[in-house]
Amino acid sequence: MLPYFVFNQINLGPITIYTWGFFVGLGFLLGFWLILYQAKKKNLDSSKIINLFILIFLGALIGSRLGYVLQFPKYYFSQPLEIFQIWSGGLIFYGGLIGALFLGWLYLKKNKLDFWLMADLIAPAAALGISIGYLGCSLVNEHQGAITTLPWGILWPDGIIRQPVAEYLSLNSLIIFLVLWFFLKNRLKKTGQLFIIFLLWYSVSRFFLDFTRAIDTSLADPHYLDFFTSQWVSLGILLWITLLAKKRCL
């Protein structure tokens, strides 16, 4: 089994680097570099790619915070100023995904750029960025897992062995990236197919991986009708992307 660990920050003399924020930022930067690298190979306007990335970043930030706040409406509506205190923690991945997609789509539509072409460029970069971001979650150990007897479980301070949820999520996204980048990127016939595969894979895998989360502890996420919020969103995205797949993949 793995010992319990928490690395909240790295101190370099007078400089304090917060682990989770560092890895989330690193994921965004490497994802942006990957998008820009692909865009240059396709002779796309770099300035438009940079503007797109800025909007995607803002959409992800706003959406992820809003998604988290909506999970705890009573608390945040009674303490409205805390909604803006992002530095204190509280972001949710799917909210960020929806926010990024929405602002990105608006920008692409306004500038008459091919949504599906850009979506295919973003898909592997997003998978890589998500994987790196979850490394930060792993190091701060913020995702409490369900009880397990598996040899790679994490032994928590209370003596209970729990699933390493963040490690599963990080590894899953890394595998998605490797498959998209090295096996599928240049083999699919229609634009949009790479993006659709990314969303299908992530939503299905996320739905099942969330069963490894704890459901009955003080650190557990909200749970509705036997599913976490992220699982309900996974089902919604799965339905939406399945409808799109009929047009792009058949």
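**Briefing: contacts, core and salt bridges**

Setting aside neighbours within four places in sequence, Ile92 is in contact (heavy atoms within 4.5 Å) with Ser64, Gly67, Tyr68 and Gln71. This is a predicted model, where local features need pLDDT of at least 70, side-chain atom pairs count only at pLDDT 80 or more, and totals for chains, interfaces and linings use all residues. Residues are numbered from 1 along each chain as its sequence is written, and side-chain values use heavy atoms, with hydrogens and water left out.

**Around Ile92**
- Ile92 sits in the loop between helix H3 (73–78) and H4; helices (H or I, at least four residues) and strands (E, at least two) are DSSP runs, numbered from the N terminus.
- Its relative accessibility of 14% makes Ile92 buried (buried is under 20% relative accessible area, exposed over 50%, partly exposed in between, with a 1.4 Å probe and protein chains only).

**Nonpolar core and surface**
- The largest nonpolar core (buried Ala, Val, Leu, Ile, Met, Phe, Trp, Tyr and Cys residues joined through side-chain atoms within 4.5 Å) has 47 residues, and Phe195, Phe198 and Tyr202 have the most contacts inside it.
- Helix H5 gives the most to this core, with 12 residues.
- Beyond residues up to four places away in sequence, Tyr202 touches Phe93, Tyr94, Ile130, Tyr134, Asn172, Ser173 and Ile176.
- On helix H2 you will find Ile54, which is partly exposed at 43% relative accessible area.

**Salt bridges**
- The count comes to 3 salt bridges (a side-chain nitrogen of Lys or Arg within 4 Å of a carboxyl oxygen of Asp or Glu).
- Asp210 pairs with Arg206 at 3.0 Å, N to O, and with Arg213, where the closest N and O atoms are 2.9 Å apart.
- Arg213 also meets Asp221 in a salt bridge at 3.1 Å, N to O.
- Together, Arg206, Asp210, Arg213 and Asp221 are linked in a network of salt bridges.
- Within this network, Arg206 is buried at 5% relative accessible area, Asp210 is buried at 0% and Arg213 is buried at 7%, whereas Asp221 is partly exposed at 31%.

**The sheet**
- An open sheet of 3 strands follows the order E1-E4-E5, with mixed pairing (two strands pair if DSSP finds at least two bridges between them).
- Strand E1 (2–3) and strand E5 (161–162) stand at the edges with a single partner strand each, so one side of each is left without a neighbour in the sheet.
- Strand E4 (residues 154–155) runs antiparallel to E5, joined by 2 bridges, and Ile154 has Arg162 in E5 as its bridge partner.
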